[in-house]
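Let's go through some of the labels people put on a protein model and ask what earns each one. Have the structure open while you read.

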Amino acid sequence: MIFVAIEGARAILNINTFRDASLGWRNTMSFSYSKLTVAVATCLAGSVAMAADVEIYGKVDLGLEYSHVSSDIAGDSDSFKMTNGGSRFGFNIREQINNDWAIRGYLENGFNADDGKFTTSDTLFDRRMILAVQSKTYGEMGFGRMGTVMSTNSPYALGIAYADPFETGYTADYTISGLFATDSRANNAITYFTPKIAGFKAGVTWSFQRAGQEEEENDHNDRVLAGLLTYENGPIYVFGGASTIMWGNDNEYADRKDSVEATVGLCWSAMDNLKLYLGAQWMKDWRTLGYWSAEDGSKNETTGVVTLGQENGVDGMAYITGFRYMPTGQLTLIASYGYFDGEQDRDLFKEGKLTGSKTYEGKRHRFSIGAEYDLSKTTTLYAVANYTKNSGEMLTEIQKGAFDSKYGALVGITHWF
């Protein structure tokens, strides 16, 4: 402990030396273990021992992607491009207060590895910015910008992500987010998770305003409430949860109904080298799902033309299943099948006036396969492919130009540091 304290005190002196070198301190403070260093170390031993631990980490992911899109309306198209696979850097911060209580900080920012830009312009730590209080006895409560307990964004995403064979590590063409209604990251949020009790763990998230800052009038904010219950026993992990987005009433072009989803799923380590996944979801009035969208309405500032939005969102059921199999210690094979069947009740307008309504139906089948090869504990090569088939009036009548079918492949490399 004293040695650590001495090292910590010397590090503090060295930092001051670097920062204040212009003041001429370098010659007077650049020395090894002196009496002064040991004296300062002795005085600071307690505080240094309790200082926060800061872990700096990151991920760089780049790939080459080919896709072919077929559309009866827009025609066929091909693309070949470099893709950024969720590259990021972040900080995990922990300060142990006593044997039970700790302060946690989670900071993470996304960037595009192919051009160096932030994923979200003018925003630092767009992926998460959380200050949390953690207790072994009472659980953890976090405050800030975060994914809800029913999102696919760590550190509190302990539900939907566990039903995804591709472990949310790829684009929506492969992961569960291309089929299921998932919460996005939310600002102004609070999440609480209980400690694990007899295998059970429960969590809840509330957001005062999911995007931007809160309005003075509470019912103008887009608020989010999500809850989750998990159970883990040996190789079995089971979850069930639900979330609702309470849309603000400040949209003058659409009186939007609140969005609701409920999801159950499991992850089962059937063998040491085989994991099986299964998930099902019911959704009601979800505003965006894949290429389907319930328009919020808008006004063209140049022409003054108003496009009225939709009151109802997408209703439906979604399912996913698949596996991860490791034939060797370095190679992982992945396969997934997903299905969505839904509808949307849409208002019909003519010259800005409501003339009636109509129900449109739509379906989606998606097959995805992949292989990951670990070059080391931190570097992985991957190759994945997918085929998606869409059908129904939701495709032809609503999202004109959306694809009937699509297939593609992606090869790349991921490095964690």
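Q: Why is Phe91 called partly exposed?
A: This is a predicted model, so the value is computed from predicted atoms. Phe91 has 23% relative accessibility, and partly exposed covers the range between 20% and 50%. So 23% earns Phe91 the label partly exposed.

Q: And what about Phe125, why does that one count as buried?
A: Its relative accessibility is 12%. Buried means under 20%, so Phe125 goes into the buried group.

Q: What makes Phe91 and Phe125 an aromatic pair, and why is the pair called edge-to-face?
A: A search of the whole structure turns up 13 aromatic pairs. In the pair of Phe91 and Phe125, the ring centres are 6.3 Å apart, and the limit is 6.5 Å, so they count as a pair. The planes make an angle of 80 degrees; over 60 is edge-to-face, so that is the name it gets.

Q: How do you know that this pair links distant parts of the chain?
A: Look at where the two residues sit: Phe91 is in strand β3 (residues 88–96), while Phe125 is in the loop between β4 (101–110) and β5 (128–135). They are 34 residues apart.

Q: What makes Arg127 and Glu108 a salt bridge?
A: Their closest N and O atoms are 2.5 Å apart. The cut-off is 4 Å, so the pair qualifies. Arg127 belongs to the loop between β4 and β5, Glu108 to strand β4, and 19 residues separate them. Both also belong to a network of salt bridges that includes Arg128.

Q: How do you know whether Arg127 and Glu108 are buried or exposed?
A: Arg127 has 17% relative accessibility and Glu108 has 4%. Buried means under 20%, so Arg127 is buried and Glu108 is buried too.

Q: Why does the pair of Glu232 and Lys196 count as a salt bridge?
A: N to O, their side chains come to 2.8 Å, and that is within 4 Å, so yes, it's a salt bridge. Glu232 is in strand β9 (residues 223–233) and Lys196 in the loop between β7 (185–193) and β8 (200–207), 36 residues apart. With 36% relative accessibility, Glu232 is partly exposed.

Q: What makes Asp222 and Arg256 a salt bridge?
A: Here the N to O distance is 3.6 Å; the limit of 4 Å still lets it in, so the label holds. Asp222 lies in the loop between β8 and β9, and Arg256 in the loop between β10 (236–246) and β11 (259–271), so parts 34 residues apart in sequence get tied together. Asp222 and Arg256 are both buried.

Q: How do you know that Lys201 sits over the ring of Phe193?
A: The charged end of Lys201 is 5.5 Å from the centre of that ring. The distance limit is 6 Å, so that part of the test is passed.

Q: Why is Met82 called partly exposed?
A: Met82, in strand β2, has a relative accessible area of 46%. Exposed starts over 50%, so Met82 stays in the partly exposed group. Met82 is also one of the residues making a nonpolar surface patch of about 790 Å².

Q: What makes Val149 buried?
A: Its relative accessible area is 0%, and buried means under 20%, so there's no doubt about the label. Val149 is in the loop between β6 (139–147) and β7, and its contacts beyond sequence neighbours include Tyr156, Phe193 and Leu228.

Key
Residues numbered from 1 in each chain as written. Predicted model: local features only at pLDDT ≥ 70, side-chain atom pairs only at ≥ 80, totals over all residues. Heavy atoms only, no water. Phe/Tyr/Trp six-rings, centres within 6.5 Å; stacked < 30°, edge-to-face > 60°. Helix = DSSP H or I, 4+ residues; strand = E, 2+ residues; numbered from the N terminus. Buried < 20%, exposed > 50% of the residue type's maximum accessible area, 1.4 Å probe, protein only. Lys NZ or Arg CZ within 6 Å of the ring centre and 35° of its normal. Patch = residues over 30% accessible without salt bridge, like charges linked within 9 Å, V, L, I, M, F, W, Y side chains within 5 Å. Areas by Shrake-Rupley, 256 points an atom, 1.4 Å probe, with all protein chains shown as cover. Contact = heavy atoms within 4.5 Å. Lists of a residue's contacts leave out its neighbours within four places in sequence.
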